[in-house]
Each structure stands twice: as structure tokens, then as C-alpha cells.
Amino acid sequence: MKKTTYLLMAVLFVLAPTFAKSEEVTLFGDITIGRPLSIPQCPEKYYMSKHPNCYTGNAAYSSVDYIFSDGRPAYLSHEPGIDLRGGLVAGLTMLTKGVSAQNAAFSTLKEKFGLPTSKNTDDVKTMSGGSHQIITAEWRLDGVSILFSGASGALDTGIILVQNAALEEERNKRANRRPM
């Protein structure tokens, strides 16, 4: 009986990470991937009054905007978009101020999520002869990916995508579609 108990305990110890709950990724203190939206809808004239963090848009649709109560972080150029699937937060899309803010954005992500799973720095030359180093990085957590590009399409726009596996698959399928 003791051997069976020890054997069962050893198997459970080895398999425990398999049964562990997916890692929760929380952003801005109140948005958690895989959980329902936990912030209220913004008051009608939110820009004219003090308010808690809130969202604009209709939560019945697949995307709403996150509005900070005290202004957004300096590295963001727009309010983050929250992607909803089945009433749960599936991801966030955040546009940054590009090359001028990439170090601040990247440092914030490293502080929150640790060293990235992968990171590249590429030299990009401008038509005027200038050169910029663009950081791209990816964090792979249990069931959640964070993708960062210091510049995306233009030097003054970067992007941070936080997404669960289902949203990542959906986006990848959409990106692979070719127009006829």
C-alpha cells in the first residue's frame, strides 16, 4: 500500500505542472486575460470629469477601448483596445509612439513579464540616410503571448499585442488569407 501511495504521489508531482491553471496575465491592474471585463463603462462625458479606469464602446461587440483614469502611460500613443471573446478578455492591442518610446515600452514589459522568450534588434535605414535600431520581442507564457515591435509600419508607431492562444490563432488565420 505504501509503495502505491508513493508511486501515486510521484506521478502527481511530475504531472502537476500539466494540470496547473494557466498563467494569468493582468495588465494595468484591472484587465486579466481570460477573465470578464472588470471595469465599468465610462460615463457619458468621461473626458470632463474624474472617473475610474473604464471602457468606451459596447462590450457586446468584440472590442472596446480602455480609458485610463489618470492618463495613459507616456509610451502609448492611443488608448488600448481590448479584444473580447465570449464575454472574456482575449487580448489587448496597444499602439506606442514608436522608436522614441520603444525603450520605455520594452523596459515596462521586461519589468512585468521578465526576459522575453525571443528578442531581435534590427537596424533600419531611413530615406534621409538616418539609422534606427528597432526592437522586436516576444514573451510566451502559458496560453498567452506578448508581441512587441518598437516600430511597426512607421518609425513613429510601435505595437504591443497581448493575446490568448485562440485569439492568436484567429489573427494568424486572418493574416494568412489572400485576396482573390
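Is Phe148 buried or exposed? Phe148 is buried, with a relative accessible area of 3%. The views below come from a predicted model, and Phe148 turns up again in the view of the aromatic rings, where it pairs with Phe106.

**View 1. The whole chain holds three helices and 10 strands.** Going along the sequence, the order of elements reads α-β-β-β-β-β-β-α-β-β-β-β-α. The protein has 180 residues, and 34% of them count as buried. Its accessible surface comes to about 11500 Å², with 56% of that belonging to carbon and sulfur atoms. Take the contacts between residues at least 6 apart in sequence: 41% of these join residues at least 24 apart.

**View 2. Eight strands make an open, antiparallel sheet.** Walk across the sheet and you meet the strands in the order β3-β4-β5-β6-β10-β9-β8-β7. The edges are β3 and β7 (118-125), and each of these pairs on one side only. From one strand to the next, the twist averages 25°. As a general reminder, strands of a sheet pair through backbone hydrogen bonds, either parallel or antiparallel.

**View 3. Zooming in on one edge, β7 pairs with β8 (residues 131-141).** The two strands run in the antiparallel sense and share eight bridges. To pick out one spot on this ladder, look for Lys119: its bridge partner in β8 is Ala137.

**View 4. Helices α2 and α3 both meet strands of the sheet.** Helix α2 (residues 102-113) lies across β6 (88-96), β7, β8, β9 (144-154) and β10 (157-164). Relative to β8, helix α2 runs at about 20°. Helix α3 (residues 165-176) packs on the sheet too, touching β5 (81-85), β6, β8, β9 and β10. The direction of helix α3 makes about 125° with that of β10.

**View 5. Phe106 has two ring partners, Trp139 and Phe148.** The structure holds five aromatic pairs, and two of them are in this frame. Phe106 and Trp139 form a tilted pair, at 5.9 Å centre to centre with 45° between the planes. That pair links distant parts of the chain, since Phe106 is in helix α2 and Trp139 is in strand β8, 33 residues apart. Now for the other partner: the ring centres of Phe106 and Phe148 are 6.0 Å apart and the planes sit at 35°, so this pair is tilted as well. Because Phe148 belongs to strand β9, the pair ties together parts that are 42 residues apart in sequence. How buried are these rings? Phe106 counts as buried at 6% relative accessibility, Trp139 is buried at 1%, and Phe148 is buried at 3%.

**View 6. Phe28, Tyr66 and Phe68 form one aromatic cluster.** If you're setting up this view, select Phe28, Tyr66 and Phe68 together, as they belong to one cluster.

**View 7. Cys42 and Cys54 form a disulfide.** A search of the whole structure turns up one disulfide, and here it is, with the sulfur atoms 2.0 Å apart. The link is right-handed, with 90° about the S-S bond. Cys42 sits in the loop between β2 (31-32) and β3 (54-56) while Cys54 is in strand β3, so the pair ties together parts that are 12 residues apart in sequence. Both Cys42 and Cys54 are buried. For anyone who wants the chemistry spelled out, a disulfide is a covalent bond between the sulfur atoms of two cysteines.

**View 8. Asp83 is a buried residue of strand β5.** What is the relative accessible area of Asp83? The value for Asp83 is 11%, and buried means under 20%, so Asp83 qualifies. Leaving aside neighbours within four places in sequence, the contacts of Asp83 are Ser62, Ser63, Leu88, Val89, Ala90, Gly91, Leu92, Thr93, Leu167 and Arg171.

**View 9. Gly153 is an exposed residue in strand β9.** The relative accessible area of Gly153 is 91%. Exposed means over 50%, so Gly153 gets that label. Also in the frame is Gly98, 55 residues from Gly153 along the chain. The C-alpha atoms of Gly153 and Gly98 are separated by 9.6 Å.

Terms used: Residues numbered from 1 in each chain as written. Predicted model: local features only at pLDDT ≥ 70, side-chain atom pairs only at ≥ 80, totals over all residues. Heavy atoms only, no water. Disulfide = S-S within 2.5 Å. Helix = DSSP H or I, 4+ residues; strand = E, 2+ residues; numbered from the N terminus. Buried < 20%, exposed > 50% of the residue type's maximum accessible area, 1.4 Å probe, protein only. Contact = heavy atoms within 4.5 Å. Areas by Shrake-Rupley, 256 points an atom, 1.4 Å probe, with all protein chains shown as cover. Pairing = 2+ DSSP bridges. Axes fitted to C-alpha atoms, helices over the stretch in contact; angles between N-to-C directions. Phe/Tyr/Trp six-rings, centres within 6.5 Å; stacked < 30°, edge-to-face > 60°.
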